[in-house]
Amino acid sequence: MSDLVTNFDLSEEQEMIRDTVRQFAREVIAPGAAHADEHKELNEAAWDGMVELCLPGLPFSEEWGGAGFDNLSYSIAVEEISRVCGSMGLTLAAHVSLGTWPIYAFGSQALKERYLPGLCSGEFMGAYALTEPGAGSDSASTQTTAVLDGDEYIINGAKCFTTNGSYSKCFVITVQTNAELGSKGIMAMVIDRDQPGFIIEPGEEKLGMRGSDWVNLVFQNCRVPKDAVLGEEGEGFSTFMKTLEGGRISIAALSLGIAQGALDQALAYSNEREQFGMSLNKHQAVAFKLADMETEIQAARHMVYHASRLKDAGRAYGAAAATAKYFASEVAMRATYEAIQIFGGNGYSREYPVERMYRDAKLCVIGEGTSEVQKIIISRDLLKRFASNNG
Amino acid sequence: MDFALTEEHLMIRDSAREFAERSLRPNAARLDAAEEFPVDAIKEAAEHGFLGLTVPEEYGGAGLGNLHASILLEEINAADPSVGVTISVHMSLFCSMLAKHGTEQQKSKYLPLLASGELIGAYCLTEPNAGSDAAAVITKAVKVDGGYTLTGTKSWVTTGPHAGLFVVYAVTDPDAPKGKGMSAFIVEAAYDGVSAGKKEEKMGLRASSTTEIILDDVFVPEENVVGELNKGFNIALDTLDGGRIGIASQAVGIHRACLEASIKYSSQREQFGKPINRFQAIAFMMADMATDLEAARLLVHKAAWLRDNGLPCTKECSMAKLFASRACNKAAQDAVQIHGGAGYTKEFDVERYFRDARITEIYEGVTDVQRIVISRNL
């Protein structure tokens, strides 16, 4: 086991996933990426293709209809898809890490039986609703309430920015059962789309990730059976925090893919475009930008794969996920920004994909914990370890 | 040293701000979404005399300089950069160019129409294969009886089909070394053979109109050559010094809008039981944003002051543009960051600032072109 995190080679299985998804992304997803962005619609044909490749259930056990691959394979799949289309990368990441994984990890046998086969097969998507208008970075200040009434909870409140909501059958949500208990009063539940009193509204127009669906949720005296509770009562918040740890690896993989995609585009364009009598890539200013991108992307990839391997090895991965997410998303911002710079005027035009990539990248430094939230996590972990080492 | 603005500067700032808040800000999001050229706003700016700000008084303008223009442009751009770039190009790449390099006949014929806003000016240098390498233009001007015929395609022309006049840079001596055989021509939009081509779908500045301008055997009379024959590239470059003050002022305007939006949102938004501006992470972002804004504005004002006083300013114009555009993009990124998920939606103006800001590091010389100019001048 000692070489688990120092073995940098991909297994045959991981390479197979990488090659298959890479080819699929180029042939099936890439051609529709600009259209999806422009028309603000999810590329449903791309999702159907992902279903055929068993990607929606990739890291889940075969017992539930999953493909039984490891988390690193899943990260690689998100990376390869995001390389050509951030929106589809986000769709898969939110479905797997946020919509499906908490049910897989914390759900009762009944909940698993009800939802996992459909989630793993990709028959429907999963969604995860933590954020509220008044609870963003401060996610513990959830205002959505759950009051026990006999065998049912009555839910009231609102959630926003819920990815995949239009396509989801089940929604993992957080509710406050007792405001006096603060984060200890938070409970996680799985709510079915058809529950009376549960209203799904279209989300706002976005800067980027326009080919990914998001919605706002409203609960008006929505009655949910007690068995919809995920995990133990009182542990809802930690359930959510653990879910986010995995989610962060997936957003880091998404960021990595967008950054690599921007570098792919910059390499091709700077090779073909001539100014001052030579191709752009012969100018040091451009070549060095490419060198910086490559260096940062390599570092980000090591961090993303490392966090994935820690999760696969059953070791703690929270801090590694936070550092990977923070770094990779900032790399995606820099890489897409510089790719536009290399394209010049063309980079500002919607005719070339780097314009979309920059808008998509900005989601990565905000979603599933802003860079500032990652720095809270990283610094707290650091200080805790410092304190315990210096007793 | 005197950093104080004069009463005249302050008057322009106040009237521009009043106009921007009343007529520009309320419409900016709608025009952006609809990609609609701000016809009414440009008309109103003309009524205020803003379009002729730098045109000499004898030709119907206000006869003011680059510093006045910079102050005006900061205000306009803080509300709507699509209007801002339209005015900046008109003012610095056309009016100031003509006032400086035009013949008496050209000036008396065209400047009054430009000052009143009856005609909007546009600048045609860039071509599909002549971007940063602007001397590589291939649009040609062939001598014919009484003038020249121009043929070629110009790209990324700001204001495109809404412009009444173009300054077109075309090759008059194909045998001369690169950049030495180019001349500047005034081309009326109404001339036969002038048409607008493909419209660019842009990340931002979506209310400004950016198109190709196609010149198909366009006859241009002899008297429309600006400056000396074959010396047009020098005019193009000199004009760009002034243009860079305009774009740097635009960057300052967008930057200020980002800061103001961040201050407002962070004082209203509460997380963890207090307004988010009480957190160092947010407060320090805004401290950096404000410091960069101050530095950018001072660089721009200094460059404008140099140019107004007839002093060498090429390097300083590039420095102002380089610094202000980069600072503006950092500010736009941070402003969205401070707004969090909300900033990623169109409910907040910072989403638009983020897209608009990005062009300031690209047009009128990408950042690396500014670095070429600066380093050559060291």
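Colleague: Why does Pro133(A) count as exposed?

Modeller: Its relative accessibility is 52%, and the label follows from the cut-offs, since buried means under 20% relative accessible area, exposed over 50%, and partly exposed in between, with a 1.4 Å probe and protein chains only; at 52%, Pro133(A) therefore counts as exposed. This is a predicted model, in which local features need pLDDT of at least 70 and side-chain atom pairs count only at pLDDT 80 or more, while totals for chains, interfaces and linings use all residues. Residues are numbered from 1 along each chain as its sequence is written, chains are lettered from A and ligands numbered from 1 in the order in which they are written, and side-chain values use heavy atoms, with hydrogens and water left out.

Colleague: Where is Pro133(A) placed, and which residues is it in contact with, leaving aside its neighbours within four places in sequence?

Modeller: Pro133(A) belongs to the loop between β1 (125–129) and β2 (145–149) of chain A, where helices (H or I, at least four residues) and strands (E, at least two) are DSSP runs numbered from the N terminus. Leaving aside neighbours within four places in sequence, Pro133(A) is in contact (heavy atoms within 4.5 Å) with Ala158(A), Cys160(A) and Arg269(B). Gln143(A) is 10 residues away along the chain, and its C-alpha atom is separated from that of Pro133(A) by 9.3 Å.

Colleague: What makes the phi of Lys40(A) notable, and is that residue buried or partly exposed?

Modeller: The phi of Lys40(A) is near 55°, which is a positive value in a residue other than glycine. Lys40(A) is in the loop between α1 (12–39) and α2 (44–52) of chain A, and its relative accessibility of 44% makes it partly exposed. Glu368(A), in the loop between α9 (354–364) and α10 of chain A, has a phi near 55° and is likewise a residue other than glycine, but at 14% relative accessibility Glu368(A) counts as buried.

Colleague: How do you know that Cys54(A) is in no disulfide?

Modeller: A disulfide is a pair of cysteine sulfur atoms within 2.5 Å, and by this rule the count comes to 0 over all chains. For Cys54(A), the nearest cysteine sulfur, that of Cys120(A), is 10 Å away, so the pair does not meet the cut-off. For Cys95(B), the nearest cysteine sulfur belongs to Cys124(B) and is 15 Å away, and Cys95(B) too is in no disulfide. Cys54(A) counts as partly exposed at 41% relative accessibility, whereas Cys95(B) counts as buried at 0%.

Colleague: What makes His339(B) a buried residue, and what does its side chain reach?

Modeller: His339(B), in helix α8 (residues 314–339) of chain B, has a relative accessible area of 4% and is therefore buried. Its side chain reaches the backbone oxygen of Ala335(B) at 2.8 Å, which fits the distance limit for a polar contact, a pair of N or O atoms within 3.5 Å, of which, within protein, one must be able to donate a hydrogen and the other to accept it, while residues adjacent in sequence count only if both atoms are side-chain atoms. Not counting residues up to four places away in sequence, His339(B) touches Ala261(B), Ser262(B), Tyr265(B), Phe348(B) and Val350(B).

Colleague: Which backbone atom does the side chain of Asn329(B) reach at 3.2 Å?

Modeller: It is the backbone oxygen of Ala357(B), and the backbone nitrogen of Arg358(B) lies 3.3 Å from a polar atom of the Asn329(B) side chain. Asn329(B) is found in helix α8 of chain B and, with a relative accessible area of 2%, is buried. Its contacts outside four places in sequence include Tyr337(A) and Tyr358(A).

Colleague: Why is helix α9 (residues 350–357) of chain B called mostly covered?

Modeller: The helix has 8 residues, and 8 of them are buried, including Val350(B), Arg352(B) and Ala357(B).

Colleague: How is the packing of helix α8 (residues 318–343) and helix α10 (residues 371–389) of chain A described?

Modeller: Two packed helices are described by the angle between their axes and the distance between the axes. Here the angle is about 145° and the axes are 9 Å apart; axes are lines fitted to C-alpha atoms, for helices over the stretch in contact, and angles run from 0 to 180 degrees between N-to-C directions. Among the residues that meet are Tyr326(A) in α8(A) and Ile377(A) in α10(A).
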